[in-house]
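Q: Please take a close look at one helix of the structure shown below, and set it in the context of the whole chain.

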Amino acid sequence: MATPIPSLNQLVSQATGLFKQMFGDEAPKIAACAPGRVNLIGEHTDYNDGYVLPMALPLVTVVAGSASPGREASIITASEHADEPRRIDLRLPNEGFSPSAGLPKEGLPLAPGLPYWANYVRGVIHHYRAHPLPGFRAVVVSSVPLGAGLSSSASLEVALYTFLQQLKPDDGDKISKAVACQQAEQTHAGVPCGIMDQLVSVLGLEGHALLIDCRPLESIPVPLTDPGLVFLITNSNVKHSLASSKYALRREQCENAAAILGKASLRDATMKELEASRDHLGDVAYRRARHVIGEISRTVRAAEYLKQGAYQEFGKVMVESHNSLRDLYEVSCKDLDDLVEAAMEVEGVFGSRMTGGGFGGCTITLLKWQVIDRTIQHVQERYGGSATFYVATPSGGARALQLS
Ligand code: ADP
Ligand code: MG
């Protein structure tokens, strides 16, 4: 069976209970939520100025709290998987503070440090676009599994940013908000991430995936309304410790390949140009670039297939994407390959691939509703029983929540 997903109301009452318990009797006055995401296709293309096709999930992070006197912020996470301590207390920046002044020096309140999870909080406050903020107390609860490739990190950043907007509004520009959250992850959590996760967490649309062009940061909603179909997430429940350093290395390899090809980014290179420069590039750069150029074109075609209801074709490019990530980009692993292979053995499954950065995490599979139970059972048996499943219902983006 697929894992049941708690409702937003359940998360809000969990947050309210924790807030009262930790900060005294009063209930929180403001709250916001932001979703995790799953990417249907377009992997490792966002930081190459390419296309991605993610959807926002019903898995969400909720931040609830109240303004408080003074210049302090206290934030508590309910997550058992966050590193200790789960409460942090920070001094907020004064009037005139600007993130462009650079990263705060060690010892200053918003400098990156321990606990690690708080770097996402420090980063979002640092990059918030309307200082000074009033003091506040808040709690964080989430149904997005941490570190599973469903972007708990972006959902935390965007939920917190949306919470801060209730305390002290910024200009409301959604793209700038996503960029501020991406910067928070880059400068404070040390992850050189692309823009996909934050953008879809901000812009997600119920019943739709988003085809995002990561160069102009424009997105086109792609309806996912066929009741006979489902996207199924399978969590391998493995995470490899070198994932983030390998991510950074891939990013560097792409930048080098683009430079050798004389392009601003791999978005501007064609397969023909790549083949012509194969000897210059060397084997590794060639294969990395080949994945990216092929994946960008697959993503655009995939969005078209979805619009036309051409699910066989969509499934086929999913598998091509997986094979390219496995063989050319080398970010898959045995668990993910096994999950894809097992899913593809079930009749009624159109396609399957690893999703997210790789080296563990999840796969995404497109299948007919009728075969969902059979698919879960078959994959579970073949994989050895330790995978978990979520139905990926395309959901809305970040929003403020009314507390009664
Ligand atoms: P993913 O985004 O795929 O879940 P990441 O490694 O990018 O994986 O981000 C996971 C990290 O984000 C966690 O280890 C933790 O530091 C932080 N994080 C995410 N959600 C929460 C939360 N609800 N509470 C505390 N920390 C969180
Ligand atoms: Mg993340």
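A: Helices (H or I, at least four residues) and strands (E, at least two) are DSSP runs, numbered from the N terminus. By that assignment the chain holds twelve helices and 13 strands. This is a predicted model, in which local features need pLDDT of at least 70 and side-chain atom pairs count only at pLDDT 80 or more, while totals for chains, interfaces and linings use all residues. Residues are numbered from 1 along each chain as its sequence is written, and side-chain values use heavy atoms, with hydrogens and water left out.

The helix chosen is helix 2, residues 118-127. Ten of its ten residues are buried, so the rest of the structure largely encloses it; buried means under 20% relative accessible area, with a 1.4 Å probe and protein chains only. The buried set runs through A118, N119, Y120, V121, R122, G123, V124, I125, H126 and H127. Their cover includes three strands, namely strand 4 (72-77), strand 5 (87-91) and strand 6 (136-142), together with helix 3 (152-167) and helix 4 (174-188).

As for the whole chain, 57% of the 404 residues count as buried. Of the contacts (heavy atoms within 4.5 Å) with a separation of 6 or more, 73% are between residues 24 or more positions apart. The radius of gyration, taken over C-alpha atoms, is 21 Å, which agrees with the value near 22 Å for a compact globule of 404 residues; the globule rule is 2.2 Å times the number of residues to the power 0.38. Along its principal axes the C-alpha trace spans about 60 × 50 × 35 Å.

How values were computed. Chains lettered and ligands numbered in written order. Buried < 20%, exposed > 50% of the residue type's maximum accessible area, 1.4 Å probe, protein only.
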